[in-house]
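Work through the exercises below with the sequence and the model side by side. Each task is followed by a solution in short steps.

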Amino acid sequence: MLLDSTLREGEQTPGVVFSEEWRVRIAKALSDMGVHMIEVGDPNVAPDIRRAIAKIIGMKGNGEIASEVVVHSRMVKADIENAASLGPDRIAVFYGVSDIHLAHKHRKSREEALAIVAEHVEFARSLGVKVRFTAEDATRADPNYLVEVVKTAHEAGADRVSIADTVGVLDPFRARDLFRLVKSSVGGLGLDVHAHNDLGMAVANSLAAVDGGADVVHVTVNGLGERTGITPLQAFAVAYYYHRGVRLVRLEELPRITALVENASGITVMPTFPVVGENAFTHKAGVHQAGVLANPATYEPLPPEVVGRERDFSLDKYSGRRAIQHRLERLGIPLGPDELEAVVGEVKSLNVRRLRDEDLLEIVERVTGRALRARVNRHIESYIWIRVADNVYTTSVARRVGAIRGVVEVSEITGEYDIVARASVDTAEELNRVIEEIRGVKGVVSTLTNIVLKELPAQDASWHNQYKRLPPAHH
Ligand SMILES: [Zn+2]
């Protein structure tokens, strides 16, 4: 099972604050994609967080959210009481259990800490909610003492304990051993793994912890969290699917939740990010492109459709003959072997970062002497579909798009895209400029351009022309 902590741990990312509205939207999206538990934050931190948590709990109550709603709280009775008053499914309380946390943060002895844990877990339990105890910095604690703490929390009424690798120092082998030890020492207890990614091993450690007996894995969308964050939801869900054959969530929704949290947090994932990074299914080297064209499995761990993505080829001097031929065929331009050879030679002599289709057409024209763009050069009608960021007014984007030279019509629409613009220009360069300007409008997330190949007369219009003397049809 997955517990997503984007709203709690994720908001501990430096520079990230979620508005009330975003918190609710993220919770709903996580629930819709099948996340089992959502950690929604600590209501004691700020009034808007408390309001959002209350709203999310209300949505759980009326069935809009299916996930178990977990509220975080320090081990302070007033905080616990305040958290419980909102009526969550579960309260998670935490306490540092390593000697360094005990001595320098809590200033308590190991024995005193045991008493504190027992007292507060019992108190939370007495308020009628399920309780999870988080052993903070558990992976640097004396393992025997950790087992003692876990037993204490369990006996005091916690049905789950989270073993937190707070500074991300586990390796997968130790992770499995540690979870085996705790699991075998305390029966009938649910175990969470909370793995920080300081050394880049959060996904591997989480997978190993599951092998050792953990049954809930803490994740955040895009791997947000303190410092370098925790296990990313996307990478773990897909690793688990690949290695264990189980879909923990609806994998095809991963790009959507990625974009949602990118917008809400203002932090975009890097192109090389697993699964959802821009490059995750884009092939560059000629050898790779030829292999993928023959059989995608040569260079893909799994088909991109499984995770809602599409395969792409990056065209530049690394590209081979096969990939360039493939792209040209898709553009409706079959070339003879000599022409193709010449185009490939030209592409290889250029030092551009990434060739667009338009650039490729230009090269073909230059090299082969064919007038390809002349066909479309006289006049280009196109539709540009525009997706707008969720936190931006569609109307204001539409207004700015409408002001761009070459755009003749703008409509707000329903569905996957928010705006469609019709552009009417004379050259491909003009069209590129229009598209670039649209992309430059603040709030535009992505665009899709369709060029009109042939304008067909609408049924109504032709009917009207033929029988214009008759009264209109709708009479
Ligand atoms: Zn953490």
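**Exercise 1. A helix pair**

Which residues in α3 meet which residues in α5? Classify the packing of the two helices as well.

Solution. Bear in mind that this is a predicted model.

Step 1. Locate the helices. Helix α3 covers residues 77–84, and helix α5 covers residues 110–126.

Step 2. List the contacts. From α3 come Lys77, Ile80 and Ala84; from α5 come His120, Phe123 and Ala124.

Step 3. Sort these residues by character. The contact of α3 with α5 has four nonpolar residues, one polar and one charged.

Step 4. Take the geometry. Two packed helices are described by the angle between their axes and the distance between the axes. Here the axes come within 10 Å and cross at roughly 25 degrees.

Step 5. Classify. Angles under 35 degrees count as roughly parallel, so α3 and α5 are roughly parallel to each other. The crossing of α3 past α5 is right-handed.

**Exercise 2. One residue of that contact**

Is Ala124 buried or exposed? Describe its surroundings.

Solution.

Step 1. Place the residue. Ala124 belongs to helix α5.

Step 2. Count neighbours. Ala124 has 28 other C-beta atoms within 10 Å. The cut-off for a buried residue is 20 or more, so Ala124 is buried.

Step 3. Name the contacts. Leaving out residues up to four places away in sequence, Ala124 touches Ile80, Ala84, Ile91, Val93, Val129 and Val131. Ile80 and Ala84 are in α3, and they take part in the contact of α3 with α5.

Step 4. Add a distance. Ala158 is 34 residues from Ala124 in sequence, and their C-alpha atoms are 9.1 Å apart.

**Exercise 3. A second helix pair**

At roughly what angle do the axes of α8 and α9 cross? Classify this pair too.

Solution.

Step 1. Locate the helices. Helix α8 covers residues 202–212, and helix α9 covers residues 233–244.

Step 2. Take the geometry. Their axes come within 10 Å and cross at roughly 50 degrees.

Step 3. Classify. The angle makes α8 oblique to α9. The crossing is right-handed.

Step 4. List the contacts. Val203, Ser206 and Leu207 in α8 meet Ala235, Phe236, Ala239, Tyr240 and His243 in α9.

Step 5. Sort them. The contact of α8 with α9 has six nonpolar residues, two polar and no charged.

**Exercise 4. A four-stranded sheet**

What is the strand order of the open sheet of four strands? Trace its pairings and find the helix that packs on it.

Solution.

Step 1. Write the order. It is β12-β13-β11-β14, with antiparallel pairing.

Step 2. Find the edges. They are β12 (407–412) and β14 (444–451), each paired on one side only.

Step 3. Give the twist. It averages 20 degrees from one strand to the next.

Step 4. Follow β11 (residues 380–388) to β13 (residues 419–425). Seven bridges join these antiparallel strands. Glu381 stands opposite Ser424 in β13.

Step 5. Add the helix. Helix α16 (residues 394–402) packs on the sheet and touches β11, β12, β13 and β14. Its direction makes about 170 degrees with that of β12.

Step 6. Follow β12 to β13. The two pair in the antiparallel sense over five bridges. Glu412 has Ile419 in β13 as its bridge partner.

Step 7. Inspect the hairpin. Six residues lie between β12 and β13, and Gly415 takes a positive phi near 105 degrees.

**Exercise 5. Positive phi outside glycine**

Where is Asp137 placed? Compile its phi and burial, then do the same for Val275.

Solution.

Step 1. Recall the background. Most residues other than glycine have a negative phi.

Step 2. Take Asp137. It sits in the loop between β5 (130–136) and α6 (143–155). Its phi is near 55 degrees, a positive value. Asp137 has 22 C-beta neighbours inside 10 Å, so it counts as buried.

Step 3. Take Val275. It lies in the loop between α10 (254–265) and β9 (282–283). Its phi is near 70 degrees, again a positive value. Val275 has 26 C-beta neighbours inside 10 Å, so it counts as buried.

**Exercise 6. The whole chain**

How many helices and strands does the protein have? Add its overall figures.

Solution.

Step 1. Count elements. There are 18 helices and 14 strands.

Step 2. Give the extent. The C-alpha trace spans about 90 × 60 × 35 Å along its principal axes.

Step 3. Give the burial. Of the 475 residues, 39% count as buried.

Step 4. Check contact range. Of the contacts with a separation of 6 or more, 67% are between residues 24 or more positions apart.

Methods. Residues are numbered from 1 along each chain as its sequence is written. This is a predicted model: local features need pLDDT of at least 70, side-chain atom pairs count only at pLDDT 80 or more; totals for chains, interfaces and linings use all residues. Two strands pair if DSSP finds at least two bridges between them. Axes are lines fitted to C-alpha atoms, for helices over the stretch in contact, and angles run from 0 to 180 degrees between N-to-C directions. Two residues are in contact if their C-beta atoms, placed from the backbone, lie within 7 Å. Angles under 35 degrees count as roughly parallel, over 145 as roughly antiparallel, 65 to 115 as roughly perpendicular and the rest as oblique. A crossing is left-handed if the near helix is turned anticlockwise from the far one by less than a right angle, and right-handed if clockwise. Ala, Val, Leu, Ile, Met, Phe, Trp, Tyr, Cys and Pro count as nonpolar, Asp, Glu, Lys and Arg as charged, and the others, Gly among them, as polar. A residue is buried if 20 or more other C-beta atoms lie within 10 Å of its own, exposed if 12 or fewer, and partly exposed in between; C-beta atoms are placed from the backbone.
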